[in-house]
Amino acid sequence: MAQSKAPPFTLYEYRASPFCVAVRIALAECDVAFTPREVDLDKPRTAAFLKRSPFGRLPALVEHRPGGELAIFESPAILLFLAERFEKTSLGFNDLSSKAQSLSWISFISTGFAEQLWTVLLESNAQTVRTNSETLTESQTLFEQQIDVLDKHLARRAFLAGDYSVADTFATPLLDLLDYVKELDMDGFPHVLSWRERLRARPSYKNAWSNEKEEK
Ligand SMILES: N[C@@H](CCC(=O)N[C@@H](CS)C(=O)NCC(=O)O)C(=O)O
């Protein structure tokens with residue numbers, strides 16, 4: 001009787017987290033099977049999990065290898081690992097210069113852009129801070145300046161580093177959150193909007209949200 005083989009990867013995740021969504025998109029781009037393991041954020045992390053993700057955060061990706069396992073934490077690191085591990089897929093880098101461009105963009109998106117987005121999101125949704133219009137305007141202005149730079153950049157290319165790369169993968173779930181910034185009017189940023197549509201049209205986007213069978 002044929003035995004079913006366990007997938008080579010396990011993804012420890014909190015399904016709704018944009019960082020975890022980015023990893024699911026990357027796994028779909030690489031066409032790699034994985035076992036999803038939802039972690040309850042309200043419960044203390046086990047010692048076994050902390051060995052895989054020392055700060056107890058999600059996502060963490062584990063590759064099961066004959067001699068043991070390789071555990072990777074921090075979503076940008078996971079994406080970069082997958083791009084190198086599956087170099088022949090859409091995530092693989094064409095050459096060193098496209099890799100360098102992609103590293104620049106994933107660095108910016110995972111620090112400057114993501115941090116400013118969280119600030120604006122929190123302010124936009126917190127009743128207490130919303131009364132402080134000065135703080136809101138300052139953060140909003142900084143965020144809109146970043147989006148404007150992105151918009152001008154994307155006016156001349158389809159994706160952040162030219163061809164599709166991990167930088168776009170990382171950005172995809174963050175772009176979904178723009179809809180929750182109440183004060184943000186995206187009409188002035190048509191190239192960011194069409195980039196978001198291109199990312200959403202990729203099969204990996206739909207695949208990342210499909211209902212995998214959970215193995216607990
Ligand atoms: N920089 C990390 C951020 C990960 C992160 O903040 N994950 C959240 C879920 S959205 C988490 O694990 N929170 C629980 C905690 O910090 O204990 C990454 O990109 O992987």
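Start with two helices of this predicted model. The axes of α1 and helix α7, residues 166-176, come within 8 Å of each other and cross at roughly 135°. That angle makes α1 oblique to α7, because values over 145 degrees would be needed for roughly antiparallel. The crossing in which α1 passes α7 is right-handed.

Which residues make the contact? On α1 they are P18, V21, A22, I25, A26 and E29. On α7 they are V166, T169, F170, T172, P173 and L174. Sorted by class, the contact of α1 with α7 has nine nonpolar residues, two polar and one charged.

Now step back to the domains. The protein is divided into domain 1, residues 9-90, and domain 2, residues 96-203. Their C-alpha centres lie 23 Å apart. Domain 1 gives twelve residues to the contact, and domain 2 gives ten residues. Which elements of domain 1 give two or more residues to the side that touches domain 2? They are α1, residues 18-29, and α3, residues 75-85. The largest share of that side comes from α1, with six residues. By class, the side of domain 1 that touches domain 2 divides into nine nonpolar residues, two polar and one charged.

Next, the ligand. Y14, S17, F19, L41, G56, R57, L58, P59, E74 and S75 surround it. This shell has five nonpolar residues, three polar and two charged. Some of its members are worth placing on the chain. F19 of the shell falls within the span of α1, residues 18-29. S75, also beside the ligand, falls within α3, residues 75-85. Both helices were met above, on the side of domain 1 that touches domain 2.

L58 and P59 of the shell deserve a closer look at the backbone. What kind of peptide bond joins L58 and P59? The bond is cis, with omega about 10°. P59 lies in the loop between α2, residues 47-52, and β3, residues 60-65.

One more backbone detail concerns D31. Where is D31 placed? Its loop runs between α1 and β2, residues 34-38. Phi of D31 is near 55°. That is a positive value in a residue other than glycine.

To trace the path again, begin at α1. This helix crosses α7 at roughly 135°, and α1 gives six residues to the side of domain 1 that touches domain 2. Then turn to the ligand, with L58 and P59 among the residues around it, and look at the cis bond that joins these two.

How values were computed: Residues are numbered from 1 along each chain as its sequence is written. This is a predicted model: local features need pLDDT of at least 70, side-chain atom pairs count only at pLDDT 80 or more; totals for chains, interfaces and linings use all residues. A residue is near a molecule or strand if its C-beta atom, placed from the backbone, lies within 6 Å of it. Ala, Val, Leu, Ile, Met, Phe, Trp, Tyr, Cys and Pro count as nonpolar, Asp, Glu, Lys and Arg as charged, and the others, Gly among them, as polar. Domain bounds come from an automatic or database domain assignment. Two residues are in contact if their C-beta atoms, placed from the backbone, lie within 7 Å. Helices (H or I, at least four residues) and strands (E, at least two) are DSSP runs, numbered from the N terminus. Axes are lines fitted to C-alpha atoms, for helices over the stretch in contact, and angles run from 0 to 180 degrees between N-to-C directions. Angles under 35 degrees count as roughly parallel, over 145 as roughly antiparallel, 65 to 115 as roughly perpendicular and the rest as oblique. A crossing is left-handed if the near helix is turned anticlockwise from the far one by less than a right angle, and right-handed if clockwise.
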